[in-house]
Amino acid sequence: ATAKCSAKLKEILEGAVDQLSEPLGDVNSTIISCEIDDAAGNASVTHSRGKVRYMYEFTIDFKYECEVDGTTYSGNLKCLDLTNDQDEDDYEIQQEWNGARPLAKPWGDKIRKALVGSAFKEALKKQMTVFEEAFQAMF
């Protein structure tokens with residue numbers, strides 16, 4: 001079940017990634033690409049007290065590029081421990097830069113906020129709900 005669910009989750013999460021392809025409130029700062037690098041974890045179907053339970057826990061890795069004042073920067077996002085009984089407020093998302101990063105404020109802060117902020121978490125939660133429905137339909 002896990003391999004099948006990992007592939008389906010990667011497919012469905014493209015919708016959350018699309019949320020990131022907008023300007024960051026400024027013409028000088030834009031996320032130009034973001035893609036899912038890996039979806040690792042576990043998925044299982046269990047029975048408890050006469051009910052079917054669809055359990056999962058995944059960690060999702062993203063790679064992104066952004067442009068600030070004509071310079072391109074790259075980094076990684078890691079969404080830790082996405083589970084079936086979790087609200088978007090509980091999502092833990094880590095962001096890191098690969099190599100150079102925008103030093104001038106507020107660009108680095110704006111980009112970080114777009115990548116790990118509430119709008120992305122809401123989009124991620126919507127796509128996780130779609131995944132849960134697909135997971136239940138698969139089994």
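Where does G108 lie? G108 sits in helix 2, and we'll come back to that spot once the rest of the chain is in view. Keep in mind that you're looking at a predicted model.

Start with the overall layout. The protein chain has three helices and five strands, and if you read along the sequence you get the pattern α-β-β-β-β-β-α-α. Of the chain's 139 residues, 40% count as buried. As for the contacts between residues at least 6 apart in sequence, 59% of them join residues at least 24 apart. On the outside, the accessible surface comes to about 7,800 Å², and 44% of that belongs to carbon and sulfur atoms.

Now follow the chain from helix 1, which covers residues 2-18. Its 17 residues reach 25 Å from the first C-alpha to the last, close to the 24 Å expected at 1.5 Å a residue. Helix 1 also bends, by about 30 degrees, at I12. I12 is one of the buried residues of this helix, along with C5, S6, L9, L13, A16 and V17. What lies over those buried residues? The cover includes strand 2 (29-48), strand 3 (51-68) and helix 3 (118-138).

Helix 3 is worth a look next. It has 21 residues and reaches 30 Å from its first C-alpha to its last, close to the 30 Å expected at 1.5 Å a residue. Its buried residues are a mixed bunch: F120, A123, L124, M128, F131, A134 and F135 are on the list, and so are K121, K125 and Q127.

Some of those names come up again in the core. In soluble globular proteins, nonpolar side chains tend to be buried together. Here the largest nonpolar core has 36 residues, and the ones that touch the most other members are I60, F62, L124, M128 and F131. The elements giving two or more residues to this core are helix 1, strand 2, strand 3, strand 4, strand 5 (92-98), helix 2 (107-116) and helix 3. Strand 3 supplies the largest share, eight residues.

Zoom in on F62 for a moment. Setting aside residues up to four places away in sequence, F62 touches V17, C34, E35, I36, D37, G75, N76, L77, C79 and F120. Two of these contacts, G75 and N76, make a handy next stop.

G75 is in strand 4 (residues 71-83). Is G75 buried or exposed? With a relative accessible area of 1%, G75 counts as buried, because the cut-off for buried is under 20%. K63 is 12 residues away from G75 in sequence, yet their C-alpha atoms are 5.9 Å apart in space. Leaving out residues up to four places away, G75 touches F62, K63 and Y64, and also E96, W97 and N98.

N76 lies in strand 4 too. Leaving aside neighbours within four places in sequence, N76 is in contact with F62, K63, Y64, Q94, Q95, E96 and N98. With N98 there's something extra to look for: the side chains of N76 and N98 make a polar contact at 3.1 Å.

W97, which turned up among the contacts of G75, takes us back to G108. Apart from residues up to four places away in sequence, G108 touches W97 and P102. The C-alpha atoms of G108 and W97 are separated by 9.8 Å, and the two residues are 11 apart along the chain. G108 has a relative accessible area of 15%, so this glycine is buried as well.

Finally, have a look at two backbone angles. Most residues other than glycine have a negative phi, and most peptide bonds are trans. Which value does phi take at R49? Phi of R49 is near 55 degrees, a positive value in a residue other than glycine. You'll find R49 in the loop between strand 2 and strand 3, and at 80% relative accessibility R49 counts as exposed. D81 also has a positive phi, near 50 degrees, and it isn't a glycine either. D81, though, has its place in strand 4, and its 40% relative accessibility means that D81 counts as partly exposed.

How values were computed. Residues are numbered from 1 along each chain as its sequence is written. This is a predicted model: local features need pLDDT of at least 70, side-chain atom pairs count only at pLDDT 80 or more; totals for chains, interfaces and linings use all residues. Side-chain values use heavy atoms; hydrogens and water are left out. Helices (H or I, at least four residues) and strands (E, at least two) are DSSP runs, numbered from the N terminus. The expected span of a helix is 1.5 Å times one less than its number of residues. The bend at a residue is the angle between axes fitted to the seven residues ending there and the seven starting there. Buried means under 20% relative accessible area, exposed over 50%, partly exposed in between (1.4 Å probe, protein chains only). Contact means heavy atoms within 4.5 Å. A nonpolar core is a set of buried Ala, Val, Leu, Ile, Met, Phe, Trp, Tyr and Cys residues joined through side-chain atoms within 4.5 Å. Accessible areas come from the Shrake-Rupley method with a 1.4 Å probe; for residues, only the protein chains shown count as cover. A polar contact is a pair of N or O atoms within 3.5 Å; within protein, one must be able to donate a hydrogen and the other to accept it, and residues adjacent in sequence count only if both atoms are side-chain atoms.
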